Structure formats: structure tokens, C-alpha cells
Amino acid sequence: PSLRISSDTDILIKKQDLKKIKKILTSLNFNIKPKNPTSHHIVAVHPIGGILELHMLLYDELFDDVWFDKYTKQQEPVMYITVSDGIQLPTLGVTDGLIFITLHCIKHFLSRGVGIKQVMDTLMYMHGYKDKIDWDRFWQLMIHLNYNNFVNHLIGIGKEYLMFSADDLPKCKYD
């Protein structure tokens with residue numbers, strides 16, 4: 001599971017910083033695609049660096065409203081992770097991060113289909129932060145949104161087919 005390679009990098013930005021960020025990315029040879037009027041993100045492509053998505057919201061407003069019942073607000077302070085060169089990067093708190101990545105997977109499943117990469121993203125996050133996640137908060141939200149059965153089956157796929165051990169992921173019932 002740890003060999004999963006990402007196909008893009010998602011960055012949450014402040015909308016008011018967009019113009020400045022686009023200027024910086026253009027100077028670094030990124031090709032910035034036109035923003036779809038209903039989209040909550042902009043795509044920038046670099047010939048070596050690949051795809052960068054600049055998100056101004058965590059979720060598209062339609063998905064947040066209709067599919068996620070507006071229960072997607074960040075509840076934890078950001079945390080910082082240290083990357084290999086010692087730089088600290090801000091990211092969502094642990095449980096907010098799991099909620100985001102799980103709902104992102106569900107969004108793809110409901111809109112155009114989910115791939116094994118998104119399944120792996122979700123399961124690897126669960127595994128990597130298993131002891132730090134507020135599982136009660138996570139499962140209460142999944143039950144409220146009626147996605148708990150879907151998530152249980154994602155976990156089952158991980159255990160049955162993707163080489164996660166029974167202890168790597170939360171216990172759940174799946175068929």
C-alpha cells in the first residue's frame with residue numbers, strides 16, 4: 001500500500017491570494033487552465049511537476065449542500081507536517097483530513113466513478129493516522145450522511161484485496 005503514487009497535488013488557498021499565486025506559478029512555467037465558472041478549484045500543469053489543483057473551498061458548493069448536507073466545516077486547527085528537506089507544511093487536522101479524503105472519494109464515486117487510487121488514498125490515510133483519528137466523530141458523520149456502508153466496504157476491499165492486514169484498518173462489517 002505504501003507504493004501509491006499521487007497523480008496530482010491539491011492545495012487549499014485563500015481566494016484573495018489567487019491572483020498572486022497565479023503570477024508565481026506562471027513565472028515557474030505552470031500552464032494555468034481556465035477556471036470553470038462552477039468549479040471550486042483551478043488546475044495548473046507543469047511539464048515536470050505535473051498537475052497542481054488550487055482549491056478555494058474544500059468542496060464544490062453543490063456537493064457540500066446536496067451530498068454532504070453542509071457538514072463539511074473544518075473543526076480542528078491545522079497541523080504541520082515536516083517534509084524531507086525540513087520545511088513544515090500546514091495541512092488539515094487529522095480527523096478533518098480523513099473526512100476530506102473520504103468525502104473526496106465518495107464525490108468521485110457519485111459523480112464519475114472512483115478509481116483504485118482514491119480508494120488507496122483513503123485507506124492509506126486511515127492506516128497512517130489510525131491511532132490519532134477521532135473515529136467517533138468520523139463514523140457519526142458517515143452514519144448521518146448515510147455513507148457508512150460504503151466506507152465499510154472500502155475497508156473490506158482494502159483488507160481482502162489490497163494487502164492491508166486486519167489490524168491496519170478499523171474494524172467494520174462488510175460483505
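Does Leu89 count as buried, exposed or partly exposed, and what is the relative accessibility behind that assignment? In this predicted model, Leu89 has a relative accessibility of 38% and therefore counts as partly exposed, since the class lies between the buried limit of under 20% and the exposed limit of over 50%.

**View 1. Overall architecture of the predicted chain.** The chain holds six helices and six strands, which follow one another from the N terminus in the order β-α-β-β-β-α-β-β-α-α-α-α. Of the 175 residues in the chain, 38% are buried, and the chain exposes about 11,100 Å², of which carbon and sulfur atoms supply 56%. Among the contacts with a separation of 6 or more, 50% are made by residues that stand 24 or more positions apart.

**View 2. The open sheet of four strands and its edges.** Read across the sheet, the strands are ordered β1-β4-β3-β2, and their pairing is mixed. Strands β1 (8-12) and β2 (31-32) stand at the edges; each has a single partner strand, so that one side of β1 and one side of β2 remain without a neighbour in the sheet.

**View 3. The antiparallel pair β3 and β4 with its hairpin.** Strand β3, covering residues 41-46, pairs in the antiparallel sense with strand β4, covering residues 50-55, over six bridges, and a hairpin through three residues joins β3 to β4. Within this pair, Val45 has Ile51 of β4 as its bridge partner, while Val43 stands opposite Glu53, likewise in β4.

**View 4. Val45 of β3 and the pairing towards β2.** Strands β2 and β3 run antiparallel and are joined by two bridges. Here Asn31 has Val45 of β3 as its bridge partner, and Val45 is also the residue whose bridge partner in β4 is Ile51.

**View 5. Helix α1 against the sheet strands.** Helix α1, formed by residues 18-27, lies across β2, β3 and β4, and the helix runs at about 170° to β4.

**View 6. A nonpolar surface patch that includes Leu89.** Ile81, Val83, Ile87 and Leu89 form this patch on the surface, and together these four side chains' residues account for about 280 Å² of accessible area. Leu89 is placed in strand β6, which covers residues 88-91, and the partly exposed state of Leu89, at 38% relative accessibility, can be viewed here together with the other members of the patch, Ile81, Val83 and Ile87.

Note on methods: Residues are numbered from 1 along each chain as its sequence is written. This is a predicted model: local features need pLDDT of at least 70, side-chain atom pairs count only at pLDDT 80 or more; totals for chains, interfaces and linings use all residues. Side-chain values use heavy atoms; hydrogens and water are left out. Patches are made of residues with over 30% relative accessible area and no salt bridge: like charges are joined within 9 Å, nonpolar side chains (Val, Leu, Ile, Met, Phe, Trp, Tyr) within 5 Å. Accessible areas come from the Shrake-Rupley method with a 1.4 Å probe; for residues, only the protein chains shown count as cover. Buried means under 20% relative accessible area, exposed over 50%, partly exposed in between (1.4 Å probe, protein chains only). Contact means heavy atoms within 4.5 Å. Two strands pair if DSSP finds at least two bridges between them. Axes are lines fitted to C-alpha atoms, for helices over the stretch in contact, and angles run from 0 to 180 degrees between N-to-C directions.
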